[in-house]
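Trainee: Before we go through this one, how should I read a fold from its strands, and then test that reading residue by residue?
Mentor: Let us take the features in turn, with the general idea ahead of the case.

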Amino acid sequence: RAWLDREWSSQPLDRAQTGWDWFALTLDGGRRLMAAEVRGARPYRFGSLIAADGTVTPLEGGDLRIEPGPGAVPASFRLAVPGAGLDLTVVPVNPEAWMTTTIPYWEGPVRVTGSAAGAGYLEMTGRPRPRR
């Protein structure tokens, strides 16, 4: 079981964009979810929900809710796809993996609980979020 990540751009973010959060999740029962948000004044959300039989459902802004947990570098996220009955909590296995390189970056494995259980991968980049 794997997720193929083919990055199509490593361009710097626009000045109005502060970073992105990208999730690749494998859920119990064979469903897979890819969801992303480019953060900024006007967040841009998109993704795909893939059924166990391989049927792909594209997801756009209103189809997804991505809510970070507390802290500048979230230790958890709430990720929901209401139309598919998904309400998930995504928690990094190692929340301390933030890299303060030229482009601040965090990536690593995650655990998923909530309306479905599973595991996956999370990538966060850009300026840390303001504290809540």
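## Reading the fold

Mentor: Start with how far apart in sequence the contacts reach. This is a predicted model, and among contacts in the protein chain between residues at least 6 apart in sequence, 38% join residues at least 24 apart.

Trainee: What elements does the protein chain have?

Mentor: The protein chain has nine strands and zero helices. Written from the N terminus, the run is β-β-β-β-β-β-β-β-β.

Trainee: In what order do the strands sit in the sheet?

Mentor: Read a sheet from one edge to the other. Here the nine strands make an open sheet in the order 4-3-2-1-9-8-7-6-5, with antiparallel pairing. Strand 4 (56-60) and strand 5 (65-68) are the edge strands, each pairing on one side only. From one strand to the next, the twist averages 20°.

Trainee: How many bridges join strand 1 and strand 2, and what lies between the two strands?

Mentor: Look at the ladder, then at the turn. Strand 1 and strand 2 are paired antiparallel over nine bridges, and Gln-17 has Gly-40 in strand 2 as its bridge partner. Their hairpin leaves four residues between the strands, and Gly-29 there has a positive phi near 90°.

Trainee: And how do strand 2 and strand 3 pair?

Mentor: Strand 2 and strand 3 are antiparallel too, with seven bridges. One bridge pair is Met-34 with Ser-48 in strand 3. Three residues lie between the two strands of this hairpin.

Trainee: How many bridges join strand 3 to strand 4?

Mentor: Five bridges join strand 3 (residues 44-50) to strand 4, and the two run antiparallel. Leu-49 faces a partner across this ladder: Thr-57 in strand 4 stands opposite. The hairpin has five residues between its strands, and Gly-54 in the turn takes a positive phi of about 95°.

Trainee: Now burial. Is strand 2 largely enclosed or open, and why?

Mentor: Count the buried residues along the strand. In strand 2, seven of the nine residues are buried, so the strand is largely enclosed by the rest of the structure. For the chain as a whole, 34% of the 132 residues count as buried. The chain exposes about 7900 Å², of which carbon and sulfur atoms supply 53%.

Trainee: Which residues have the most contacts inside the largest nonpolar core?

Mentor: That core has 21 residues, and those with the most contacts inside it are Phe-23, Leu-25, Leu-33, Leu-79, Leu-88 and Val-90. Two or more residues come from each of strand 1 (17-27), strand 2 (32-40), strand 6 (77-81), strand 7 (86-92), strand 8 and strand 9. To see how one member is packed, list its contacts and set aside sequence neighbours. Leaving out residues within four places, Phe-23 is in contact with residues including Leu-33, Ile-66, Leu-79, Val-90 and Leu-122.

Trainee: Why does Asp-21 count as buried, and which side chain does Asp-21 join in a polar contact?

Mentor: When a charged residue is buried, check for a polar partner. Asp-21 belongs to strand 1. Asp-21 counts as buried because its relative accessible area is 0%, under the 20% limit. The side chains of Asp-21 and Arg-39 are joined by a polar contact of 2.6 Å.

Trainee: Is Thr-125 buried or exposed?

Mentor: Buried, because Thr-125 has a relative accessibility of 1%. Thr-125 sits in strand 9 (residues 118-126). Beyond residues up to four places away in sequence, Thr-125 touches Arg-39 as well, along with Thr-18, Gly-19, Trp-20, Ile-103, Pro-104 and Tyr-105.

Trainee: And where does Thr-113 fall?

Mentor: Thr-113 counts as partly exposed because its relative accessibility is 45%. Thr-113 is in strand 8 (residues 105-114), which is joined to strand 7 by five antiparallel bridges. The bridge partner of Thr-113 is Thr-89. With near sequence neighbours up to four places away left out, Thr-113 touches Asp-87, Leu-88 and Thr-89. Thr-113 and Asp-87 are 26 residues apart along the chain, and their C-alpha atoms are separated by 8.7 Å.

Trainee: What does Arg-65 touch?

Mentor: Arg-65 lies in strand 5, one of the edge strands. Not counting residues up to four places away in sequence, Arg-65 touches Arg-78, Leu-79, Ala-80 and Pro-82. At 35% relative accessibility, Arg-65 is partly exposed.

Definitions and conventions. Residues numbered from 1 in each chain as written. Predicted model: local features only at pLDDT ≥ 70, side-chain atom pairs only at ≥ 80, totals over all residues. Heavy atoms only, no water. Buried < 20%, exposed > 50% of the residue type's maximum accessible area, 1.4 Å probe, protein only. Contact = heavy atoms within 4.5 Å. Core = buried A, V, L, I, M, F, W, Y, C linked by side-chain atoms within 4.5 Å. Areas by Shrake-Rupley, 256 points an atom, 1.4 Å probe, with all protein chains shown as cover. Pairing = 2+ DSSP bridges. Axes fitted to C-alpha atoms, helices over the stretch in contact; angles between N-to-C directions. Polar contact = N/O pair within 3.5 Å; in protein donor to acceptor, adjacent residues only side chain to side chain.
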